[in-house]
Protein chains: 4
Amino acid sequence: MIILVKKNCEIEKLDSLINRIERHGLKTDTFNCEDYVVLSVSGDLSKIDVEAVRANDIVLGIKRVTEPFYLASRKNKKRDTVVDVCGRKIGGGNFCFIAGPCAVESEKQIVETAIQLKKAGVQILRGGAFKPRTSPYSFQGLGVEGLKYLSQAKKETGLPVVSEITSVNQLDLFSDIDVLQIGARGMQNFELLKEVGKSNKPILLKRAISATIEEWLLSAEYLLSQGCKDVILCERGIRTHEPTSRATLDLSSIPVLKELTHLPVIVDPSHASGNARYVKSLSLAGVAVGADGVMIEVHPSPETALSDGAQAVTPSVFNDIYKDVTRILPIINKRID
Amino acid sequence: MIILVKKNCEIEKLDSLINRIERHGLKTDTFNCEDYVVLSVSGDLSKIDVEAVRANDIVLGIKRVTEPFYLASRKNKKRDTVVDVCGRKIGGGNFCFIAGPCAVESEKQIVETAIQLKKAGVQILRGGAFKPRTSPYSFQGLGVEGLKYLSQAKKETGLPVVSEITSVNQLDLFSDIDVLQIGARGMQNFELLKEVGKSNKPILLKRAISATIEEWLLSAEYLLSQGCKDVILCERGIRTHEPTSRATLDLSSIPVLKELTHLPVIVDPSHASGNARYVKSLSLAGVAVGADGVMIEVHPSPETALSDGAQAVTPSVFNDIYKDVTRILPIINKRID
Amino acid sequence: MIILVKKNCEIEKLDSLINRIERHGLKTDTFNCEDYVVLSVSGDLSKIDVEAVRANDIVLGIKRVTEPFYLASRKNKKRDTVVDVCGRKIGGGNFCFIAGPCAVESEKQIVETAIQLKKAGVQILRGGAFKPRTSPYSFQGLGVEGLKYLSQAKKETGLPVVSEITSVNQLDLFSDIDVLQIGARGMQNFELLKEVGKSNKPILLKRAISATIEEWLLSAEYLLSQGCKDVILCERGIRTHEPTSRATLDLSSIPVLKELTHLPVIVDPSHASGNARYVKSLSLAGVAVGADGVMIEVHPSPETALSDGAQAVTPSVFNDIYKDVTRILPIINKRID
Amino acid sequence: MIILVKKNCEIEKLDSLINRIERHGLKTDTFNCEDYVVLSVSGDLSKIDVEAVRANDIVLGIKRVTEPFYLASRKNKKRDTVVDVCGRKIGGGNFCFIAGPCAVESEKQIVETAIQLKKAGVQILRGGAFKPRTSPYSFQGLGVEGLKYLSQAKKETGLPVVSEITSVNQLDLFSDIDVLQIGARGMQNFELLKEVGKSNKPILLKRAISATIEEWLLSAEYLLSQGCKDVILCERGIRTHEPTSRATLDLSSIPVLKELTHLPVIVDPSHASGNARYVKSLSLAGVAVGADGVMIEVHPSPETALSDGAQAVTPSVFNDIYKDVTRILPIINKRID
């Protein structure tokens with residue numbers, strides 16, 4: 001890290017700044033330049049509060065080169081992480097389809113959907129039991145019962161399941177769920193991250209609606225620093241000024257993530273667009289841009305869905321998406337394991 | 001709510017839509033217009049999934065007039081809610097200063113700060129014990145110990161205290177804390193909202209960094225629908241493209257909120273700007289625009305603060321802010337009770 | 001358009017509103033509902049100022065169904081517009097590569113680049129002569145001389161050329177340029193739009209960095225209403241909070257545009273990302289999502305470029321992009337004519 | 001400027017980078033640090049394309065300390081610029097009211113409004129003759145005739161006038177207009193800036209709807225570098241995700257600008273909110289935060305306005321705003337000259 005210090009500042013102030021930094025075991029070097037003094041800092045930068053340094057009135061500016069995350073960084077681990085979910089692989093060239101309804105609504109609904117999706121070639125079944133809803137008056141999910149129906153669907157099809165966890169108190173209920181999902185609103189629920197990071201399960205970490213990529217990777221770092229190795233990132237759109245989509249799917253984030261981290265990343269075109277008619281195009285774009293999977297909402301009868309019906313595609317549309325996505329895979333050197 | 005339906009759609013589809021709406025006990029009326037059919041829906045709109053209706057391919061558009069929140073709405077309660085915190089009033093013309101360090105760092109730090117702030121005229125002391133931090137490697141707060149020091153500061157000064165709660169599991173620890181703060185990242189932690197809403201304590205609800213005003217009021221609705229009456233909203237800036245401030249303080253939200261809701265709203269210029277030099281200007285603007293209070297970070301020695309030092313003002317700067325804020329109060333018909 | 005009026009408003013106010021609307025030759029219908037009065041308006045809605053109606057204190061809300069653009073609308077013209085640039089087709093299943101340097105720097109630079117791009121399979125050459133630059137101190141382009149070099153490159157390769165026009169006064173200078181580009185900053189330079197719309201040349205209209213899709217199509221409408229038939233839209237990224245890309249390429253806009261308009265739309269991954277390393281991924285995503293072309297910055301020696309060097313790819317990288325893009329084309333039923 | 005270079009890069013690459021920088025007359029210094037090589041650059045930084053340097057694959061990062069604008073910078077001119085408009089002063093402690101209708105609609109309308117505003121204490125009259133409108137079908141202003149009516153209003157009241165110029169071709173028509181306004185959409189119409197900068201008239205430069213403060217000041221720099229000395233900045237709101245205001249008035253920009261530049265800055269609460277009901281609160285906030293003036297839309301009969309009626313206040317509401325604004329002025333050490 002480089003700190004640029006005012007050229008003619010009082011020498012005591014500079015000394016005091018250097019002392020405060022070195023006290024934490026970091027090393028500093030000082031160079032006199034024409035317009036400022038360069039203070040180079042090396043060592044464990046997490047020990048210092050960068051903002052507090054910036055607050056110092058002799059400081060002109062700061063430039064950090066190293067990323068604030070370590071375990072998630074590509075620099076720390078060159079090879080792609082391949083997450084294995086009951087034999088289905090995600091990352092390192094392995095592409096994965098995750099599909100299912102937004103919310104589990106009944107045993108019949110989830111089991112029948114699962115059977116259709118299994119036939120269609122899906123690797124992992126999704127379904128929400130605890131639904132974080134903007135309004136307290138909206139359907140909040142079936143809760144424990146929903147998880148039971150997911151287990152039933154898993155039993156009948158052999159498909160592993162992913163479902164969102166919204167509170168540390170629910171952890172015990174998720175024993176039969178294969179992948180824990182942290183939703184967009186939970187991405188910075190750090191107490192939840194600390195707990196699920198210890199769960200020994202793969203975790204699907206959605207990007208918060210206005211998170212920067214750095215903030216997202218720092219949330220992944222919370223999980224990794226608890227011992228979790230299997231984090232799947234999920235891009236699901238960011239909030240912008242454009243009203244025609246519910247969120248703007250940030251597909252540029254995929255190549256950026258591929259540089260910054262070894263973790264696999266999938267794309268959720270359903271929540272991003274909020275509109276079933278755009279799901280196919282965005283799925284194809286997601287594959288082409290380099291994502292390791294797509295997560296698509298499928299509902300046998302979208303118009304009667306209890307939540308987010310507008311964005312769910314029918315199983316027959318899903319078949320069509322699946323077919324074209326798999327045609328693009330070889331072009332970008334990916335395969336379904 | 002008005003649903004605009006395609007003029008020449010199949011009559012069975014329209015009937016089926018009407019049936020699905022009326023099944024929930026709502027009433028519909030139909031009018032034929034030149035370009036579309038108008039379907040007017042009245043009754044408890046929370047029963048229907050607006051997005052699912054929008055997904056219907058005969059639907060051209062939807063216009064909702066009533067707000068999706070009830071208890072928080074000015075329509076439901078005309079008179080301003082006045083929150084009483086151990087005798088200090090917020091709302092209904094009563095202005096309130098909340099001040100203190102970002103994080104409690106030691107007993108000495110918080111007690112001495114509290115004594116100075118008491119003298120300066122502050123009504124409520126703030127201090128973080130559980131700190132939600134973007135990086136797992138940043139100082140996470142003193143936790144239980146921090147709460148203890150806050151109690152000590154309260155005992156020595158008589159100032160009521162506000163502190164942030166970040167998990168349902170912490171509720172018991174907050175028994176001596178007078179106001180529970182829900183931070184920006186917790187605004188849509190619905191499980192937490194449901195629990196603290198039952199706590200019988202006033203709640204300070206910060207706006208999430210990219211929340212719309214409607215989403216914010218729906219989070220307040222979560223609290224109110226659990227029986228909580230004393231919700232204080234806190235505007236703390238939204239994320240925009242402008243990099244000179246950490247967040248853009250959305251002062252326009254204050255007059256909008258004054259129309260939409262009876263709840264008091266305060267302004268946090270410290271977290272918004274992330275820069276102590278801008279805190280005074282933004283505090284004056286906050287009062288002038290109609291806020292019911294300001295929450296300002298004060299630290300005896302900002303440069304050594306363990307978190308967010310860049311934005312904390314010294315007690316002497318705070319005195320200066322206090323003086324000018326109180327000069328504006330009579331102009332906008334507010335007072336400190 | 002539907003106007004929702006307060007149930008018990010003074011009848012004179014409602015009458016006066018209706019009069020003001022009908023005076024412009026529009027037709028109104030009134031229906032009494034439980035919670036409001038519905039006023040349905042049909043006819044030429046461009047005659048009324050929607051915002052002024054909304055300002056009326058008896059108005060609860062407005063819902064417009066028809067789009068504010070007509071000539072650009074898919075409703076007005078079902079079949080895709082195919083723009084023909086000296087025999088190269090864009091739209092209606094015809095895909096097009098536009099490539100070249102950000103700025104024309106010398107005759108040698110543009111002619112040699114053009115020769116390489118011709119060989120690589122490019123249909124149209126791009127190159128900036130008048131460069132709109134954020135700073136008055138940055139290189140502003142070679143101006144007239146740059147246009148001359150472009151003509152030379154066209155003569156030597158037969159490639160048609162596109163270049164940005166930044167002022168009405170430049171029109172005469174662009175006689176040998178085949179496609180006039182309106183840059184992002186010019187999208188709402190309405191005086192310029194009115195003039196170039198009369199030029200009888202195809203126009204490439206970039207999206208402004210914070211334009212909504214509706215605003216963009218209204219700028220296209222300015223061109224079309226002047227008699228221009230050949231408008232090519234160009235998505236080049238929108239401004240968001242994410243700092244890793246210069247702008248966030250809004251690929252979701254492509255399927256939305258395909259519904260709303262008959263005009264072809266291409267994608268500019270170079271300006272969006274501002275980073276050559278991401279151009280290939282974003283180009284593939286652009287094709288897959290349904291764009292009718294890509295516009296890519298190519299520079300023989302990006303590190304010495306006089307502007308935007310960071311985003312230019314070398315001719316050899318371009319060849320690689322070309323190869324993979326053309327492999328995706330048949331999957332989405334597109335071809336290069 | 002500091003360039004951080006990879007530690008073990010090929011020495012030829014570093015030499016080549018240094019050569020390219022020094023060729024432009026800049027000076028470099030090199031220091032070896034533990035994690036990187038620091039290359040310090042001093043001199044006229046406008047000579048190098050920072051983005052091109054960043055594109056160099058041996059470059060880890062860049063930190064610029066000096067601002068990219070010079071003439072607009074507070075560093076270049078410590079004392080506040082005071083703009084004098086026919087004797088009315090703006091800046092340096094002098095506060096100014098600018099008011100009038102969005103568009104000039106008739107001689108009667110503008111003259112009568114001017115008379116009322118003169119009585120109310122206004123210093124400068126505003127009125128649009130050339131209106132940049134999102135839709136080609138909206139009222140585009142009265143053009144030349146509108147300017148004539150403005151002259152008439154000026155003659156009858158003695159009030160100087162400000163009006164927006166939208167094309168270089170209009171300059172001659174504005175001879176009797178005292179202040180040329182560059183609208184938000186024109187802020188980066190650089191050809192227009194270059195021309196009006198030579199006009200010897202004060203210029204009111206609005207912030208583009210998604211401009212950063214730096215971009216805005218660079219547009220001011222375009223004007224100043226043409227010899228113009230009298231630039232008044234005008235904050236009019238930025239585009240965010242919040243739908244209740246048309247734009248989010250960025251009041252935080254005011255204290256930031258007060259540090260960065262010597263130019264006066266005013267606030268336009270009317271265009272920002274798009275809603276007359278919020279104009280008073282935002283005006284008071286604008287004064288309190290440190291603006292040097294407010295520009296308010298006033299219309300004798302907002303409901304019949306031909307453009308932007310929703311945001312115009314009546315003369316009587318304006319009187320009320322004026323009264324309370326002037327009560328805040330002494331608190332922040334400002335006065336009306």
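**Figure 1. A salt bridge within helix α5 of chain A**. In this predicted model, A:Lys194 and A:Glu191 sit three residues apart in helix α5 (residues 190-196) of chain A, about one turn of the helix, where helices are DSSP runs of H or I with at least four residues, numbered from the N terminus. The two side chains form a salt bridge whose closest N and O atoms are 3.6 Å apart, the term denoting a side-chain nitrogen of Lys or Arg within 4 Å of a carboxyl oxygen of Asp or Glu. A:Glu191 is partly exposed at 24% relative accessibility (buried means under 20% relative accessible area, exposed over 50%, partly exposed in between; 1.4 Å probe, protein chains only).

**Figure 2. A salt bridge between helices α9 and α10 of chain C**. C:Asp320 pairs with C:Lys280 in a salt bridge, with 3.1 Å between the closest N and O atoms. This pair links distant parts of the chain, 40 residues apart, since C:Asp320 belongs to helix α10 (residues 315-328) and C:Lys280 to helix α9 (residues 279-289). C:Asp320 is partly exposed, with a relative accessible area of 29%, and C:Lys280 is also partly exposed, at 24%.

**Figure 3. A salt bridge within helix α10 of chain D**. D:Lys323 and D:Asp320 form a salt bridge, their closest N and O atoms being 3.8 Å apart. D:Lys323 is partly exposed at 47% relative accessibility, as is D:Asp320 at 30%.

**Notes.** Residues are numbered from 1 along each chain as its sequence is written, and chains are lettered from A in the order in which they are written. Local features need pLDDT of at least 70 and side-chain atom pairs count only at pLDDT 80 or more, while side-chain values use heavy atoms, with hydrogens and water left out.

Note on methods. Helices (H or I, at least four residues) and strands (E, at least two) are DSSP runs, numbered from the N terminus.
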